[in-house]
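Subject: Structure for your files, with notes

Hello,

Here is the structure I said I would pass on. My notes on it come after the structure itself.

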Amino acid sequence: MSGARLELDGIGKSFRGLRAVHDVSFDVPAGAINALIGPNGAGKTTIFNMIAGVYRPDAGSVRLDGRQISGLRPDLVCDAGVGRTFQIVKPFKGLSVLENVTVGALHRRPRLGEARAYAADILMQLGLHDRRHQAAESLTLPDRKRLEVARALATEPKLLLLDEVMAGLRPTEIDVMVSFLQDLNRRTGLTILLIEHVMRAVMALASNIVVVSYGEKIAEGTPAEIARHQAVLDVYLGEPEPA
Ligand SMILES: Nc1ncnc2c1ncn2[C@@H]1O[C@H](COP(=O)(O)OP(=O)(O)OP(=O)(O)O)[C@@H](O)[C@H]1O
């Protein structure tokens, strides 16, 4: 695993006249951990869906290591090296934890034995190995979040998109996930972009933060810059944006 550079150039998407995302541009350098934040309904998941091939942007382009991936089908975007988690955790029901992760690993390792061994190794890293034979749906929320990360990692991405993997976790569980992601990034150089409402995690992980509101990018900078950015404070305090 190593990281890829992500470049969003003027992407936009409307749903039946509702402008969900408008003219959003930002880069995530190879090997960086960056965050995408903003109030509910700001367009964050729509941006992820445009990167991951769920939606074709109405405008603009998405490039991974210089190669255009916008408009490709989700499986081809995955082939190109993009792994993602979903905000609503949906493991394959009726499959064990190990089988769930093996499905992801089969993407690049078509031999079942090899895929299963790779999946087991990822479960070990995430502290889920001792629960590998449990039914996925029987896991607690923190473990389901870990399983979601494990499934995305099993596809051996160069860019990992994490959609609210800290939601619902207790502070100590958040710290465990933060340490895991920091360690993963250090060991592998994997590029990570996270959508996150848990500011404790964003501040600990992200070297750069992009803020969106009403579908538009309103700020970008280091955690320290964002923490004192007036437009960001206004959005989070619910005050009108400056003209
Ligand atoms: N498939 C869709 N069809 C119609 N409208 C949609 C669709 N997906 C998203 N939207 C709308 O686009 C806007 C942006 O939604 P999006 O889910 O991207 O926001 P978000 O920033 O991820 O919000 P949250 O933090 O609540 O997850 C919202 O107004 C939402 O209702």
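The notes below take the two sheets, then the ligand, then the helices.

Please keep in mind that this is a predicted model.

The four-stranded sheet

One sheet is open, has four strands in the order 2-1-4-5, and is paired antiparallel throughout its description. Strand 2 and strand 5 (67-68) are at its edges; each has a single partner strand, so one side of each is left without a neighbour in the sheet.

Strand 1 (residues 6-15) has partners on two sides. With strand 2 it pairs in the antiparallel sense over seven bridges. With strand 4 (residues 59-64) the pairing is also antiparallel, over five bridges. Glu7 is a useful residue for following this: its bridge partner in strand 2 is Asp27, and its bridge partner in strand 4 is Arg63. Elsewhere in the pairing with strand 4, Gly12 stands opposite Ala59.

Strand 4 and strand 5 are joined by two bridges, again antiparallel. Here Arg63 appears again, standing opposite Gln68 in strand 5.

Two hairpins belong to this part of the model. The hairpin of strand 1 and strand 2 has two residues between the strands, and Arg16 takes a positive phi near 40° there. The hairpin of strand 4 and strand 5 also has two residues between the strands, and in that one Asp65 takes a positive phi near 50°.

Helix 1 lies across strand 1, strand 2 and strand 4. Its direction is at about 65° to strand 2.

The ligand

Which elements give two or more residues to the shell around the ligand? They are strand 2 (18-28) and helix 1 (44-51). Helix 1 gives the most, with three residues. There are 12 residues around the ligand, and Phe15, Ala20, Lys44, Thr45 and Thr46 come nearest. By class, the shell is made of four nonpolar, seven polar and one charged residues.

The six-stranded sheet

The other sheet to look at is open too, with six strands in the order 6-7-8-3-9-10 and mixed pairing. Its edge strands are strand 6 (82-84) and strand 10 (216-221), each of which pairs on one side only. On average, neighbouring strands of this sheet are turned by 20° against each other, direction ignored.

Within this sheet, strand 3 (residues 33-37) and strand 8 (residues 191-195) run parallel and are joined by four bridges. Leu36 stands opposite Ile195 of strand 8.

The helices

Helix 3 has two contacts to report, one with helix 5 and one with helix 4.

The axes of helix 3 (residues 97-105) and helix 5 (residues 141-153) come within 7 Å and cross at roughly 30°. That makes helix 3 roughly parallel to helix 5, because angles under 35 degrees count as roughly parallel. On the helix 3 side the residues are Val97, Asn100, Val101 and Gly104, and they meet Leu147, Ala150, Arg151 and Ala152 of helix 5. By class, this contact has five nonpolar, two polar and one charged residues.

With helix 4 (residues 112-125), the axis of helix 3 comes within 8 Å and crosses at roughly 115°. The crossing is right-handed. Helix 3 contributes Val97, Leu98, Val101, Thr102 and Ala105 to this contact. Helix 4 contributes Ala115, Arg116, Tyr118, Ala119, Ala120, Ile122 and Leu123. By class, the contact has 10 nonpolar, one polar and one charged residues. Val97 and Val101 are named in the contact with helix 5 and again in the contact with helix 4.

If you open the model, Glu7 is a reasonable place to begin, with Asp27 as its partner in strand 2 and Arg63 as its partner in strand 4. From there you can move to helix 1, which lies across strand 1, strand 2 and strand 4 and gives three residues to the shell around the ligand.

Regards

Definitions and conventions: Residues are numbered from 1 along each chain as its sequence is written. This is a predicted model: local features need pLDDT of at least 70, side-chain atom pairs count only at pLDDT 80 or more; totals for chains, interfaces and linings use all residues. Axes are lines fitted to C-alpha atoms, for helices over the stretch in contact, and angles run from 0 to 180 degrees between N-to-C directions. Angles under 35 degrees count as roughly parallel, over 145 as roughly antiparallel, 65 to 115 as roughly perpendicular and the rest as oblique. Two residues are in contact if their C-beta atoms, placed from the backbone, lie within 7 Å. Ala, Val, Leu, Ile, Met, Phe, Trp, Tyr, Cys and Pro count as nonpolar, Asp, Glu, Lys and Arg as charged, and the others, Gly among them, as polar. A crossing is left-handed if the near helix is turned anticlockwise from the far one by less than a right angle, and right-handed if clockwise. Two strands pair if DSSP finds at least two bridges between them. A residue is near a molecule or strand if its C-beta atom, placed from the backbone, lies within 6 Å of it.
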